[in-house]
Every structure is written in C-alpha cells, then in structure tokens.
Amino acid sequence: MNMSTVRWEDSDLAYDSSNFVRGKGHFVDDIKLQGMLFMTVLRSPYARARILSLKGGMNSQDLGAKMASVGEGADPGAGISIEPVFATGFVNYVGEPVAAVFAEDRYKSTDLLESVEVDYEPLKPVVTMDDALAFGPIHEGMKNNILVEATKGDDFSDPKSPIVLEDTLENERVSTNPIEPRGIVASYADGILNVWISTQSVHSIKEGLVESLNLNPDNVRVMQADTGGAFGSKGGLYPEYVMASYASMKYRKPVKWIETRREHLTSTNPGRGVRSRVKIFAERSGKITGMKGDVLIDAGAYGSGIASFSAQFVAMMMTGPYSIEKAFVTGRSLLTNKVPQGPYRGAGRPEASFFIERMVDLLADEVNKDPADVRLLNTSDKPFNSPLGMKIDAARPFFESAIKELEYRKEAKMTKGVGVSFFVLVPAVYPGESARIMVRDGRIRVWLGGNSHGQGHEDFVKKLVNEELNVPGDLVTLYRGDTGMTKVGVGSWGSRSAIVAGAAVVSVCRKLKKDVEDDNGTYSYELLLAGSYDEFINEEKRMTLNSFGANLASVEVGKFGTVRVKKCLAYYDVGRALNKEMVIGQIQGGMAQGIGQTLHEGLFYNEDGQLITSSISDAGVPLAEDLPNFGVKIAENRSALPHGAKGVGESPTIGVPTALIRAIEKASGLRLRKTPVTAEDLMQ
Amino acid sequence: MSTTKIKTRINGKQIESEVEPRKLLVHFLREDLGLTGTHIGCDTSNCGACTVLVDGKAIKSCTMLAVQADGKEVTSIEGISKDDELHPLQKAFLEKHGLQCGYCTSGMILTSLWLLRKNKNPTEEEIRKSLSGNLCRCTGYQRIVESVMYGAQLMIEKEAEEHEMVMR
C-alpha cells in the first residue's frame with residue numbers, strides 16, 4: 001500500500017461542522033504519513049544583517065528560488081525586492097527563513113536547528129516608515145525604499161475654502177492570528193507532488209509552487225485540509241510551502257511543516273500598517289468640496305502581493321461613500337526591515353474608511369453639527385462616480401434608514417460617548433470563480449475554486465442547488481478545495497464567495513438542468529439523480545457591487561483609560577442573505593475583530609526591529625470577557641445577480657473601528673488619530 | 001533520548017506508554033495516541049485550543065508534560081460522548097452555531113464542561129470569565145456563550161431524565 005498519500009474516506013473530504021464538535025476534523029497537523037519528516041525553519045534573529053557564512057541545513061545554496069506572487073492582490077512588485085525562499089546574502093526581517101532542517105519528529109527537528117551555523121554582520125535596520133523615507137534603500141540596487149508609487153484622481157490647487165482641515169491618521173500593524181497556525185504536508189510520489197494545506201485558495205498555492213519551483217502544473221495537486229481560520233493570511237504562497245515541497249521531492253519522503261504561534265507573529269504577513277496625511281476642504285454647512293491624501297503603506301521587507309497593491313487600492317477608496325467632487329490621493333508602499341505586509345480582513349478597505357471617517361468627525365466638530373448629519377449632507381440620492389475611480393450607488397437612502405435602525409438619535413441624546421460610521425464595501429468580484437458539480441449514485445458532489453475556512457460555504461451551496469435543481473440539501477455535499485477536481489479557480493477573500501462562487505454554482509446548476517432536459521425532454525430532480533453528470537464552469541465576473549453599512553458604538557472611559565464598550569451595533573446591506581444565521585455569526589466575529597483593532601491589537605517593534613508583541617496575548621486577540629454582545633441588523637437589498645448575493649465578510653472590520661474610536665473620542669474629549677487606542681493614550 | 005514508562009487512563013481506557021520526558025501531553029495525545037481532536041494554537045498557554053480534563057480539571061495540555069499525567073485520568077474531546085450520541089454540549093455548540101472554523105471548538109467544549117460541572121447554571125458573565133483562557137477568532141464569542149447556556153440547560157434536562165430512570 002502506498003503510504004505517501006493521505007487515506008481519507010470520501011466523507012472525510014467534505015466540509016462538515018459536526019466533525020469539529022466531536023474532535024474529528026481533518027486539519028493539516030492531523031495528517032500522519034509513513035516516513036514523514038518534520039521540517040523546522042531557522043529564522044533570522046536580526047532585522048537586517050549581511051550573511052557572512054552559512055553552513056548546514058537546507059538553505060539558499062540548495063534552493064535559490066524566489067517567491068511567486070499569487071493570491072489576493074497578487075502583484076509581482078519590483079524585481080529586486082521579491083522575497084527569496086531562503087534568505088540570500090542578507091536577512092531583512094526578524095523571522096526571515098534562513099535554513100530548514102528535517103527529522104522524524106518535531107522535537108528532533110527542533111534539536112537539529114543547532115546544527116546550522118550562521119555568521120551575521122548586523123546592519124542598521126530601517127524600522128519605521130519615517131526611517132524608510134529618511135534613509136537609503138534596504139535592498140542593494142534600488143534608489144530608495146519606495147516600492148510602489150500610485151496616484152488616484154487629478155491634482156488640483158488648494159481652493160479658497162472656508163474650512164480646511166488636515167490631520168495624520170494611522171492604523172498599526174495587526175496580526176491575523178487565526179487560532180490554527182499555517183501548515184503544510186507535501187508528499188512526492190510517482191512523479192506527482194501532492195500537497196495538503198490550510199488555505200483560502202488551493203489554486204493560488206498550486207500556481208505559486210509551479211512558478212517558484214518551475215514545475216509542470218500537471219504534476220502538482222493541492223488539496224485543502226480543514227482550515228482553522230485565515231482572515232487573509234492564508235490566501236497566498238509562503239517560503240515554507242516552497243521549502244517543504246522541494247524537500248519532499250529531494251528526499252522522496254513526505255514533509256510536514258506546522259507553524260508555531262511565535263512564527264506566525266514574526267513571519268506570517270500581518271495586515272494594516274498604514275498611515276495617511278489627509279486634508280479636506282469644506283463649506284461651513286459641512287459639505288466637503290475636496291480632499292487630498294498622502295497614503296503610506298508599511299510594506300515590510302519584500303514587495304509583492306497586497307503590500308504593493310495597497311498603495312493604489314487604499315488611495316482609490318479614500319472618499320468612501322461620499323459624493324466629494326474633487327479628490328487627489330497619492331499612495332506609496334515603503335520597504336522596511338519587517339515581515340512583509342499582507343491582507344487582513346478588509347485589506348485596504350478599513351484603512352481608507354478610517355481616514356475619511358476620522359476626517360468627517362473632525363469636520364462635524366469644526367462646524368458644530370451632528371456627525372450623522374454631516375454624513376447625510378455629503379451623500380447623494382443618486383449614483384456617484386468618485387474622482388478616485390469608485391462607483392457608488394445612491395448612498396443617502398441607506399444611511400437614512402441606518403440612522404433609524406440603529407436608533408442613533410436616541411442614543412446620541414442619552415450618551416456622551418457615542419459614535420456612528422458609514423461605509424461602502426466593494427467586494428472583490430473580479431475575476432469570478434469556478435465550480436464543479438458531479439452527479440453520481442443519486443448524490444450531488446460540489447467543488448469550488450475558492451475555499452471555505454469557517455464561513456460555511458456548504459450552507460449556501462446546498463441552498464442554491466436546492467433552489468435551482470430541487471434537490472434536497474442532505475443529498476448535496478461540498479468538498480474541500482482540490483486542484484485535482486477544479487482545473488482553475490480563484491480563492492475565498494475580499495467578501496466574494498457568496499457572490500462569485502454562488503454565481504458559479506447557479507450557472508453549473510443551470511447547465512445540469514439543460515443536460516437533463518436534453519436527455520429526457522423534461523427536468524425533474526429524480527431524473528437528474530438517476531443520471532450521471534459532470535459539469536464545470538469558470539465564471540468570469542467583472543461587475544462592481546456596493547454593500548453599504550453603518551455601525552454605532554457607545555462607550556464609557558474609566559479613570560485609568562479603560563474603555564468599556566456598552567453598545568456595538570451594525571446595520572449592513574448584505575444583499576440576499578443565503579443563510580441568515582451564518583451571515584449574522586460572521587458579522588459578530590468581524591465586529592470582535594473591529595473592537596480588537598481599535599482597543600487591543602497591534603504589532604509593535606523596537607528600534608532594532610525586534611517584535612515586542614510576540615505572543616498571541618501580547619498581540620491583543622480579544623478575550624470573551626473583553627467583548628460585549630453585539631446587535632446586528634441586516635438589510636437585504638438584492639444585487640443584480642440571479643441569486644441576489646452581495647458581500648459581507650469584511651463589513652464589520654471596516655465599520656466598527658471608525659464608530660468605536662469616535663465614541664471613545666467623545667467620551668474622553670481627546671482627538672484620536674490611530675488604532676489601537678491604548679489606555680496610555682487616554683490618560684493624557 | 002531515554003524514555004520513561006507512564007500509566008494513564010485516557011478517555012476511560014488504561015494505557016501504558018513509553019515517552020520521552022520532554023514530551024508535552026498534547027503531543028502525546030495527538031501523535032502517540034492519535035487523538036487529534038486536541039489542537040495546538042499557541043506556544044504560550046494563551047489560546048486554550050489544547051484544553052483537556054485531567055482528573056476532571058480543565059488543563060492546557062501544552063503546559064503539561066506527558067510524564068506529569070502518570071497515574072492520572074485524562075479526558076479529551078473524543079472521550080466526552082458515548083458511541084455516536086453527542087454530548088449535550090456538543091449538540092448545543094452545533095445547534096447554536098458556537099463555531100465557525102472549528103479549530104478552538106474542542107477546547108471551548110472541555111473548558112465549558114469543567115465550568116458546568118462546578119456550576120450547573122452559570123450567568124453570561126461567569127461563562128465569559130471562564131472562557132477567557134480560550135481564544136476564538138471567528139465568532140466574537142457571543143454564540144459560544146449562547147451555546148454554553150443552552151448546553152447547561154440540556155445537561156440539566158438529561159440529568160433529570162437519568163435520575164427519573166434510576167428512580168423507576
């Protein structure tokens with residue numbers, strides 16, 4: 001028997017929540033193969049150093065490959081600054097992989113780290129974005145530390161405005177911190193590289209491995225294990241995946257790598273890490289007539305993916321849902337000696353919203369009006385094309401109903417520390433998604449190109465198959481992602497799955513219906529299930545969707561700067577909710593992350609570029625006792641898609657921080673400019 | 001490396017094993033015994049994904065060595081239900097959506113079980129306090145708290161039923 005492959009039964013490959021309450025999930029660390037080696041990675045202890053000598057383990061002398069840019073916000077970036085799989089010549093962040101060692105278990109593998117000898121010559125690191133602008137390039141051959149520079153809108157000279165407000169606003173870096181760290185098992189047998197992995201996208205991983213290791217795509221199969229959360233950090237390729245795959249081919253043995261939490265905090269792409277100078281021009285009425293912005297992205301040490309894409313993405317969204325006629329924003333991604341930045345729930349959307357919403361609140365104070373009224377004044381009851389390139393649906397009707405649904409007026413009268421926010425979420429629709437449905441033995445089996453990691457894709461798949469084909473849900477099974485079952489596919493991120501994977505499922509169902517009609521002259525689900533069918537579609541989608549949302553928060557601030565969140569409410573347009581329970585659960589979870597970012601979470605580095613917040617607690621993941629009960633209301637304004645879905649996953653991380661920071665500002669009387677807001681900030 | 005003999009009772013079964021003295025209980029359960037329902041989420045005893053009951057008490061199995069479990073009784077998530085029937089708490093978590101990705105779930109259920117054995121009818125505040133050693137990144141905890149409250153009810157009902165059967 002071939003022991004180099006995982007022997008999971010058919011039912012073990014399905015998404016099934018009931019497994020988790022029984023402890024019968026199929027996570028990547030649960031995989032055990034005969035002869036399997038455990039990989040441990042030796043990482044740089046320095047933020048910046050020259051490697052003088054390196055002996056032992058697998059290192060850049062064995063594998064000189066560079067990282068492919070795949071997944072969410074894939075962007076090849078500048079050639080010189082692409083991350084090598086193993087540090088080559090220099091190390092550029094604490095936690096950068098230098099070498100890998102392999103042994104039959106994790107204890108022995110960790111012991112082997114001592115067999116690697118590295119001599120470093122420490123260099124002065126570029127730690128902050130100010131350092132990045134002030135000092136020379138961290139990479140030889142570059143002119144400076146600007147990775148990407150983008151502009152949105154047309155520049156204009158400052159108008160003579162009765163009101164001009166300017167401020168600098170910032171979100172610290174945040175670690176995504178899914179409770180399951182990253183992990184992979186790679187096994188090479190009979191000329192095929194099989195990979196099991198915790199991921200948002202099996203196709204991104206495959207594409208990345210094929211490109212980085214120059215493999216024949218026909219010889220690589222990537223399969224998703226149960227994935228214990230991701231929040232953006234498991235969408236793309238990482239050096240360890242390339243190493244483990246390469247090692248399995250070199251040693252002809254299965255190789256497992258499981259991240260520790262400390263590795264997650266030092267070496268998994270964190271999100272946020274964005275600052276902007278923002279200037280707004282307004283009338284005394286509170287009507288904003290123009291905006292300028294200068295956005296800086298802390299890209300970290302290497303440029304690819306979202307770290308370079310963010311410069312233009314954040315800039316594009318800076319006018320939010322408001323009808324601001326003139327706007328010009330520059331965005332620059334800056335290289336620093338820190339772990340490369342990546343997407344975190346919202347991936348640019350919460351940052352842009354933070355900048356505009358903080359300015360609108362400042363403006364409300366300046367003109368002495370209620371912030372909700374200033375928001376209303378700046379929305380339109382007609383669709384609006386922003387000067388930065390956003391297409392906004394009529395925003396005012398939604399915000400008018402939000403004020404009512406959230407009972408904002410009442411709360412604002414009763415409570416001093418109250419904040420309200422308004423945003424538009426534009427989900428990542430492009431380039432669409434794939435789906436495959438196979439009908440065999442009276443059952444419906446479904447695969448999607450993008451992969452669930454806790455969102456419950458199986459629920460909307462069952463519902464849509466039932467609606468389109470009348471098949472009872474218990475005969476429909478959604479399987480975890482597998483590049484062996486879908487030829488192409490994209491991934492689960494950007495609030496997109498119910499939209500694009502849902503649309504693909506609907507289209508495949510319609511194909512199947514036609515197949516049955518062609519065969520039988522009529523359709524019934526009995527005829528479908530009696531037959532044998534197999535249909536796949538890669539459905540391209542380009543449309544722009546708007547999901548509006550508003551939040552309300554109220555707080556009390558204690559003597560020692562402690563913040564008690566009294567109310568945290570949401571009113572979101574989710575399109576047609578395919579499963580209301582899952583939608584509300586997902587919103588609650590995102591609201592917790594919104595509170596986390598505002599009050600608790602941040603990655604802090606010292607002047608040597610060492611991570612100070614190096615445990616999951618120090619990084620600030622909120623506890624059960626830190627959080628209130630959430631109040632969630634949804635509006636279901638259908639999208640133009642046949643199944644009516646819109647995006648929702650990222651709404652709460654966009655809308656909660658802005659409402660909450662305003663509530664704290666009102667309660668404390670201090671102007672607040674950055675997240676997280678710490679007790680020290682409030683004791684000034 | 002040398003090994004040490006330990007005797008433990010795991011999920012009701014007496015087990016004799018040879019383990020390295022440095023091996024953590026969580027690795028002993030997962031790798032030596034194949035009880036992979038106990039998860040590892042951090043290296044610092046913060047996240048609680050590895051929670052099991054040791055002599056009835058909720059313990060983070062990543063902070064305990066396997067040799068320290070010698071002579072003790074360990075219950076992991078695999079040991080709380082009989083045959084195919086789910087434990088009331090497991091039912092409650094499923095029914096009330098007390099999970100999304102499922103990775104923290106085993107630890108959440110075992111910590112809750114420990115709480116409910118001490119306190120049959122806890123308040124929301126008591127539940128939140130008890131669960132503060134267990135991190136969840138998906139749910140925001142609200143549905144977990146609701147699951148524990150519902151599970152408490154189901155456990156009380158089940159106990160009453162069993163009591164009635166004994167009385168008959």
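Chain A of this predicted model holds 17 helices and 26 strands. Its C-alpha atoms fit a box of roughly 80 × 75 × 45 Å along the principal axes. As for overall packing, chain A comes out with a radius of gyration of 25 Å, which agrees with the value near 26 Å for a compact globule of 684 residues.

The chain splits into domain 1, domain 2 and domain 3, with these bounds:

| Domain of chain A | Residues |
|---|---|
| Domain 1 | 3-123 + 178-230 + 234-267 |
| Domain 2 | 271-427 + 545-682 |
| Domain 3 | 433-539 |

Now for how domain 1 and domain 2 of chain A meet. Their centres, taken over C-alpha atoms, sit 34 Å apart. Each partner puts in its share of the contact: 26 residues from domain 1 of chain A and 26 residues from domain 2 of chain A.

Put together, domain 1 and domain 2 of chain A bury about 1900 Å², with 58% of that on carbon and sulfur atoms. On the domain 1 side, the residues that lose the most area to domain 2 are A:Glu72, A:Ser81 and A:Leu265, which together make up 29% of what that side buries.

What about specific pairings across this interface? Salt bridges between domain 1 and domain 2 of chain A number zero, while seven residue pairs are in polar contact, both partners at pLDDT 80 or more. The face of domain 1 of chain A that touches domain 2 is made of 12 nonpolar, seven polar and seven charged residues.

Terms used. Residues numbered from 1 in each chain as written. Chains lettered and ligands numbered in written order. Predicted model: local features only at pLDDT ≥ 70, side-chain atom pairs only at ≥ 80, totals over all residues. Heavy atoms only, no water. Domains from an automatic or database assignment. Contact = heavy atoms within 4.5 Å. Buried area = accessible area lost by both parts, 1.4 Å probe. Salt bridge = Lys/Arg side-chain N within 4 Å of Asp/Glu carboxyl O. Polar contact = N/O pair within 3.5 Å; in protein donor to acceptor, adjacent residues only side chain to side chain. Nonpolar A, V, L, I, M, F, W, Y, C, P; charged D, E, K, R; others polar. Helix = DSSP H or I, 4+ residues; strand = E, 2+ residues; numbered from the N terminus. Rg over C-alpha atoms; globule rule 2.2 N^0.38 Å.
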